[in-house]
Amino acid sequence: MEYNEEDFLLLSGIQHFSFCKRQWALIHIEQQWQENLRTVEGGILHEKTHDNTIKEKRGDLIISRSMAIFSRKLGITGACDVVEFHKSRDGVTLYGRDGTYKPVPVEYKRGKPKQDNMDVLQLCAQAMCLEEMLLCTIPEGFLFYGEPKRRLKVLLDEEIREQVKAICQEMHELYDRRYTPKVKPTKGCKACSLSELCLPKLCKNPSALAYMKKTISEIEVDE
């Protein structure tokens, strides 16, 4: 199956969706957003990274910033922070360049490496887009973290690729229904930039329909 361009979803939503399906729906379906310290610091970090006016070539290495990408198979579109093209005999040809190059995506993050795999999923989705666009295989990428100021190599194995496919499919299913899931409050809610818009504690309250059913049931028992 392939998606039409008008049905593409934002690749960045994969990280939101992995963190919390309700957060993703608030941002990508209901178009709600709220800045906090983390989102502002993240935006500053990405200002230089996404400056596509900067062209860099260091020996056999070409660096592309804010490269637009998409995948018809996954139905997503977005931009890579950085794509490094390393000169290699088994690489791909680039317009206006001699030789062939192996593409390697590098995703920039504000803080420290996380315990979960949200950043890995986002990086893998970028690699899958590049593979589809450039007709190549990308076995690894890198995550750069701002606080330790170093980057980690990430192997993009079949397991993580299947997770990306499953997430994209579920995002499309929810988006087509325009459905915003409810969620149980977790520790992660304290770090969520949308906590004041989401009001997760209200999700614990029963719906009006559930309240009416419970009330009617109690009346029938009393009778």
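**Rings, cores and charges in a predicted model**

The charged end of Arg177 lies over the ring of Tyr179, at 4.7 Å from its centre. A second arrangement of this kind involves Arg151, whose charged end sits over the ring of Phe142, 4.3 Å from the ring centre. These and the following values come from a predicted model.

Aromatic rings also meet one another, and the structure holds three such pairs. In one of them, the ring centres of Phe8 and Phe70 are 6.2 Å apart and the planes make an angle of 20°, so this pair is stacked. The pair links distant parts of the chain, since Phe8 belongs to the segment before strand 1 and Phe70 to strand 3, 62 residues apart. Phe8 is buried, with a relative accessible area of 16%, whereas Phe70 is partly exposed at 33%. Another pair brings together Phe17 and Trp24, with ring centres 5.3 Å apart and planes at 80°, which makes the pair edge-to-face. Both Phe17 and Trp24 are buried.

Trp24 leads conveniently to helix 2, where Arg22, Gln23, Trp24, Ala25, Leu26, Ile27 and His28 are buried. With seven of its eight residues (21-28) buried, helix 2 is largely enclosed by the rest of the structure. The cover over these buried residues includes strand 1 (9-10), helix 1 (13-19), helix 5 (158-177) and helix 6 (195-198).

Nonpolar side chains tend to be buried together in soluble globular proteins. Here, the largest nonpolar core has 39 residues, and Ile14, Trp24, Ile76 and Val164 touch the most other members. At least two residues of this core come from each of helix 1, helix 2, strand 3 (61-71), strand 4 (76-93), helix 4 (118-134), strand 6 (140-145) and helix 5. Helix 4 supplies the largest share, nine residues. Leaving aside residues up to four places away in sequence, Ile14 touches Ile76, Leu121, Gln122, Ala125, Val164, Ile167, Cys168 and Met171. Another core, of eight residues, lies apart from the largest one and has Val82, Val106, Tyr108 and Phe142 among its members.

Cys168, one of the contacts of Ile14, is buried, with a relative accessible area of 1%. Its sulfur is 7.9 Å from the closest cysteine sulfur, that of Cys129, which is too far for a bond. Cys192 is likewise buried, at 11% relative accessible area. The closest cysteine sulfur to that of Cys192 belongs to Cys198, at 6.3 Å, again too far for a bond. Across the whole structure, the search finds zero disulfides.

Turning to charged pairs, the structure holds ten salt bridges. Lys109 and Glu107 meet through their side chains at 3.1 Å, N to O. Lys109 counts as buried at 9% relative accessibility, and Glu107 counts as buried at 3%. Asp119 and Lys114 form another salt bridge, at 2.8 Å, N to O; here Asp119 is buried, with a relative accessible area of 2%, while Lys114 is partly exposed at 38%. A further salt bridge joins the side chains of Lys153 and Glu140 at 3.9 Å, N to O. Because Lys153 lies in strand 7 (residues 150-155) and Glu140 in strand 6, this pair ties together parts that are 13 residues apart in sequence. Lys153 is exposed at 52% relative accessibility, and Glu140 is partly exposed at 24%. Finally, Glu56, Arg58 and Arg65 are joined into one network by salt bridges that share partners.

Technical notes:
Residues are numbered from 1 along each chain as its sequence is written. This is a predicted model: local features need pLDDT of at least 70, side-chain atom pairs count only at pLDDT 80 or more; totals for chains, interfaces and linings use all residues. Side-chain values use heavy atoms; hydrogens and water are left out. Buried means under 20% relative accessible area, exposed over 50%, partly exposed in between (1.4 Å probe, protein chains only). Helices (H or I, at least four residues) and strands (E, at least two) are DSSP runs, numbered from the N terminus. Contact means heavy atoms within 4.5 Å. A nonpolar core is a set of buried Ala, Val, Leu, Ile, Met, Phe, Trp, Tyr and Cys residues joined through side-chain atoms within 4.5 Å. A disulfide is a pair of cysteine sulfur atoms within 2.5 Å. Rings of Phe, Tyr and Trp (its six-membered ring) pair if their centres lie within 6.5 Å; planes under 30 degrees apart count as stacked, over 60 as edge-to-face and the rest as tilted. A charge sits over a ring if NZ of Lys or CZ of Arg is within 6 Å of the ring centre and within 35 degrees of the ring normal. A salt bridge is a side-chain nitrogen of Lys or Arg within 4 Å of a carboxyl oxygen of Asp or Glu.
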